[in-house]
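This briefing is meant to be read beside the sequence and the model. It moves from sheets to helices, and from there to single residues.

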Amino acid sequence: MQIAFDAKRIFQNFTGLGNYSRTLISELALRLPELEAYLMAPKISDYPETQRFLNNPSFRVISPPPNRKLLWRTRGMVSDLKKLKPKLYHGLSNELPLGIQRSGIPSVVTIHDLIFKHFPQQYGRWDRTIYDLKFKYACQKADRIVAISEATKADIVDFYQIDPDHINVIYQACDERFLVSKLSDFRLPQVEDIPQKRDIPKSTRGEENGIYKTLQLPKTYSLYLGSIIERKNLMSIIEALALLPKDLKHPLVIVGRGQDYKKRCIERAQKLKVDHLLLFRQVDNEQLPAVYRGARCFLYPSLAEGFGIPVIEALNSGTPVITSNISSLPEAAGPDSLLVNPTLPEAIADAWAKLLQDDVLHTRVAQAGLKYAERFRADVVVPQMIELYNAI
């Protein structure tokens, strides 16, 4: 089966859209030995995360010569696709090249979110215009649309008047390196004694112990992971931290990048006298599973998400989740996670205190989260995509 993929994010993005592309295509190759994947990439980068695509006979990277790079992904790619003659083209990140519908090649587009429609003030005018044109065109011209959540599907229908029967909801698969098989003893994590609360091999425990020491993580911490921007709502977590009883206040490990909003969060923490509890850490992809597993709980009270991949990474790590009761986040977290109004720091603080104080609740939420997250495993999600490809 010859399929062409928009591979820009594989080689140029190492967070959400890039992780989606790399995980999906890797898992497709495992389950479709006959797959010939054309990776249409305007630029190639050689990093540990991209090595598997550069040195694998299942993948053929197609890039334009220097004199054709300008607008190649938007328009020029179609002529290359006509020469390659794949059975299908999949736009993995919200867009399709202009003219794809006249190429004779069926197309699928994955739409991740339309957050710019909900929070236009957080995007530049030019960015909003370009996103709207590209996303609308892709939705109108694709043979099928994949939405990564029911919330995103509803937005596509509402904003672009697309027939809901034209849209398949196929969730994003979670990278299996985050997966633990079961939960057992729920002792708090300690640097000197790696937590035994998850069923992981002794060799892995030793590696994680080294990661904890390298990152200088404390015995007990909660975790936030994501871009430090207004929509992700770190400020409300800081407000909630200040509201916790004195005996429950503990470090919050923060993994993510930010600029102006990060500065405002730090300034607010200083006023609330909790800035000493904020631990900003740079964590690479190899260290990330250990950081999730070592956290007492994961906080993600975002105001809007297309899906919320950090939530399912936490669930698969056996870490209880506190997240928002709006947007796609109830879909990602499931009914047994603690869902709160993200605009109310007191609601976040109340849920946080419960998980810190009540070990029975902590265990129940973690176990239920692991069970719920089974629907996001690759062996469930990827066959749904293959079925869609075959139907087209």
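What follows is a short account of selected strands, helices and residues in this model. The model is a predicted one, and the values given below are computed from it.

**The seven-stranded sheet**

- An open sheet is formed by 7 strands, which follow one another in the order β3-β2-β1-β4-β5-β6-β7, and the pairing is parallel.
- Its edge strands are β3 (59-62) and β7 (167-169), each of which pairs on one side only.
- Averaged over this sheet and with direction ignored, neighbouring strands are turned by 25 degrees against each other.
- Within the sheet, strand β4 (residues 88-91) is joined to strand β5 (residues 107-111) by 3 bridges in the parallel sense, and His90 has Val108 in β5 as its bridge partner.
- Helix α4 lies across β1 (2-6), β2 (36-40), β3 and β4, and runs at about 150 degrees to β2.

**Strands β8 and β9**

- Strand β8 (residues 222-225) is covered on both faces, since Ser222 and Tyr224 on one side are buried, as are Leu223 and Leu225 on the other.
- Strand β9 (residues 252-255) runs parallel to β8 and is joined to it by 4 bridges, with Leu223 standing opposite Val253 in β9.
- Between these two strands the chain passes through helix α9 (residues 234-243), and the resulting β-α-β crossover is right-handed.

**Helices α2 and α6**

- Helix α2 (residues 16-31) consists of 16 residues and spans 23 Å from its first C-alpha to its last, which is close to the 22 Å expected at 1.5 Å a residue.
- The buried residues of α2 are Gly18, Tyr20, Ser21, Arg22, Thr23, Leu24, Ile25, Ser26, Glu27, Leu28 and Ala29, a list that includes the charged residues Arg22 and Glu27.
- Helix α6 (residues 125-141) consists of 17 residues, and its reach of 24 Å from first to last C-alpha is close to the 24 Å expected at 1.5 Å a residue.
- In α6, the buried residues are Phe135, Tyr137, Ala138 and Cys139, and the elements against which the buried residues of α6 pack are β5, α5 (115-118), β6 (144-147) and α7.
- As background to reading such lists, an α-helix has 3.6 residues a turn, so residues three or four places apart point the same way.

**Two buried residues in helices**

- Asp80 belongs to helix α4 (residues 72-84), and it counts as buried because its relative accessibility is 13%, under the cut-off of 20%.
- The side chain of Asp80 makes a polar contact of 3.2 Å with the side chain of Arg68.
- When neighbours within four places in sequence are left aside, the residues in contact with Asp80 are Met40, Arg68 and Trp72, so that Arg68 appears both in this list and as the polar partner.- Thr152 lies in helix α7, and with a relative accessible area of 3% Thr152 is buried.
- Not counting residues up to four places away in sequence, Thr152 touches Ile111, His112, Asp113, Ala147 and Gly306.

**Three exposed residues in loops**

- Gln161 is placed in the loop between α7 (150-160) and β7, where its phi is near 55 degrees, a positive value in a residue other than glycine.
- Gln161 counts as exposed because its relative accessibility is 60%, over the cut-off of 50%.
- Lys273, in the loop between α10 (260-271) and β10, likewise has a positive phi, near 60 degrees, in a residue other than glycine.
- The relative accessible area of Lys273 is 66%, and Lys273 is therefore exposed.
- Gln282 is found in the loop between β10 (278-280) and α11 (288-294), and with a relative accessible area of 76% Gln282 is exposed.
- Leaving aside neighbours within four places in sequence, Gln282 is in contact with Leu215 and Gln287.
- From Gln282 to Arg296 the separation is 14 residues in sequence and 19 Å in space, taken from C-alpha to C-alpha.

How values were computed
Residues numbered from 1 in each chain as written. Predicted model: local features only at pLDDT ≥ 70, side-chain atom pairs only at ≥ 80, totals over all residues. Heavy atoms only, no water. Buried < 20%, exposed > 50% of the residue type's maximum accessible area, 1.4 Å probe, protein only. Pairing = 2+ DSSP bridges. Right-handed = clockwise from strand over helix to strand, strands pointing away. Expected span 1.5 Å × (residues − 1). Polar contact = N/O pair within 3.5 Å; in protein donor to acceptor, adjacent residues only side chain to side chain. Contact = heavy atoms within 4.5 Å. Axes fitted to C-alpha atoms, helices over the stretch in contact; angles between N-to-C directions.
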